[in-house]
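Here are a few short exercises to work through with the structure open beside you. Try each task yourself before reading its solution.

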Amino acid sequence: MSTRPLSEEAVWQALARVPDPELPVVSVIDLGMVKSVAVDERGARVELIPTFLGCPALGWIAEKVRAALAEEGLHAEVDFALDVVWEPSRITPEGIAKLRQMGVAVPARRDRAPVACPYCGAHDTEIESLFGPTPCRAVYYCRACRQPFEAMKP
Amino acid sequence: MVARDSGMLDRGRILGDLALQLGDEELFLGHRDSEWLGLAPEIEEDVAFASMAQDEVRHAAFWYELAETAGMGQADALAFDRPATDRRHAALCARPNGDWAHTVLRHYLYDAWDAVRLMALAEAGEETVAQGARRMLREEHYHHLHMEKWVVDLGRAGGEAGQRLLKAFQALLPDLPHLAAFAVDPQALVDLGILARPLPDLRREFVARISPTLAKAGLPVHPVEAALAAQPEDRARSVAPLADAEELLSTMNGVRSLGAAAW
């Protein structure tokens, strides 16, 4: 494989095509998982922020990042940064909209106040369980439309 | 120059020993959490304990990797191959789950102490330890909230639930001085800038943190204060009783010990 110079902008575009394996509507960029991108003659270096240390998808995501950049002819080193703590406030507005469409709400920063139901928009919601199908998600219930739904952990 | 070199060695050694302690505690409690899979009283608790087990085991991996960096050995070997006699965990972390009241009260007390300890590590100057501690504080926060709710709910329910909670409290009380302690000299951790505050301060923070919750659950706090005062644990604490850790390790390593599998 021949390597050709690729701009940081092109690396960000490639990262926008790397989905979260459990929430495939959003990319690692939508989730606010990308801390930094650097490109030099040897290749790219991407620093990712793990949502949760124990997330079993981290290895898979790192592999997909390497593969997406290899498609662009770029060798990539992927590291997980620990100096930044991931929080739902890192999710981009686009990411929040995409998650809502698939029934996952995004609460405001470290807040246990009621989140808006992704189905009907009501705030008459409560946490049913802090533990959902993945480490980063909790299970909620909307009393207005009587629907359980998921939200990123507050 | 010589004195300084030996100081550096001590620092690496103490960091490695601390990492082994934290790794052993998270791994053992995470294993006990995983024992509820398929058996928890409701489906949400099955999910919750699976999720917490996943968090604890990954936190353990972080500490074992740090111990590897400190020259203590390879991380997986440190996690799985050290016998009970070499473990540094608090006795409470390896205790069998018992009933639901024992499970949630044990976890609550551990999470409360862990939060106090992690804050003191996060606020100190050892950067790798502090970064890991800050991440874990966010993740452990949910365990803490979850267990706190269970303890209060069981206490307020009274009847059999209240009786079982009280029985669990009495069973766990003797383990608290060993929990609120370190497997290394706690003053050395402070002197080396790894821990922001001395052990007596952390113990006071622990009591202040659990007091309102115990009160809501109808449990007395003064036996906790008395138990801690009777055993200051101002030096490196002793090894936990071996039987619980031996049983846990033999179950945890049941498949690994077959030896023939390629991982």
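**Exercise 1: A three-stranded sheet**

In this predicted model, chain A holds an open sheet of three strands in the order S1-S2-S3, and its pairing is mixed. Work out which strands stand at the edges of this sheet.

Solution. Look for strands with a single partner: these are S1 (34–40) and S3 (76–80) of chain A, so each has one side without a neighbour in the sheet. Next, check how the strands lie: neighbours in this sheet are turned by 15° against each other on average, with direction ignored. Now follow one pair. S1(A) and S2 (residues 43–48) of chain A run antiparallel to each other and are joined over six bridges. Within this pair, Ser36(A) sits opposite Glu47(A) of S2(A).

**Exercise 2: Helices on that sheet**

Find which strands of chain A are touched by helix H2 (residues 58–71) of chain A.

Solution. H2(A) packs on the sheet and touches S2 and S3 of chain A, and its direction makes about 155° with that of S3(A). Then turn to helix H1 (residues 8–15) of chain A, which lies across S1 and S2 of chain A and runs at about 135° to S1(A).

**Exercise 3: A four-stranded sheet**

Chain A also has an open sheet of four strands with mixed pairing, in the order S4-S7-S6-S5. Name its edge strands.

Solution. The strands that pair on one side only are S4 (104–105) and S5 (125–129) of chain A. Step inwards from S5(A): this strand pairs with S6 (residues 137–142) of chain A in the antiparallel sense, over four bridges. To place the register, find Glu126(A), which stands opposite Tyr141(A) in S6(A).

**Exercise 4: Two helices of chain B**

Helix H5 (residues 100–122) and helix H7 (residues 159–172) of chain B pack at an angle of about 50°, with their axes 8 Å apart. Classify their arrangement and describe the contact.

Solution. Angles of 65 to 115 degrees count as roughly perpendicular and those under 35 as roughly parallel; H5(B) and H7(B) are therefore oblique to each other. The crossing of H5(B) past H7(B) is right-handed. The residues in contact include Leu105(B) and Leu109(B) of H5(B), and Leu165(B) and Phe169(B) of H7(B). By class, this contact of H5(B) with H7(B) has nine nonpolar, one polar and two charged residues.

**Exercise 5: Between the chains**

How many residues does each chain bring to the contact?

Solution. Chain A gives eleven residues and chain B gives 19 residues. On the side of chain A that touches chain B, seven are nonpolar, two polar and two charged.

Key:
Residues numbered from 1 in each chain as written. Chains lettered and ligands numbered in written order. Predicted model: local features only at pLDDT ≥ 70, side-chain atom pairs only at ≥ 80, totals over all residues. Contact = placed C-beta atoms within 7 Å. Nonpolar A, V, L, I, M, F, W, Y, C, P; charged D, E, K, R; others polar. Pairing = 2+ DSSP bridges. Axes fitted to C-alpha atoms, helices over the stretch in contact; angles between N-to-C directions. Parallel < 35°, antiparallel > 145°, perpendicular 65-115°, else oblique. Left-handed = near helix turned anticlockwise from the far one by under 90°.
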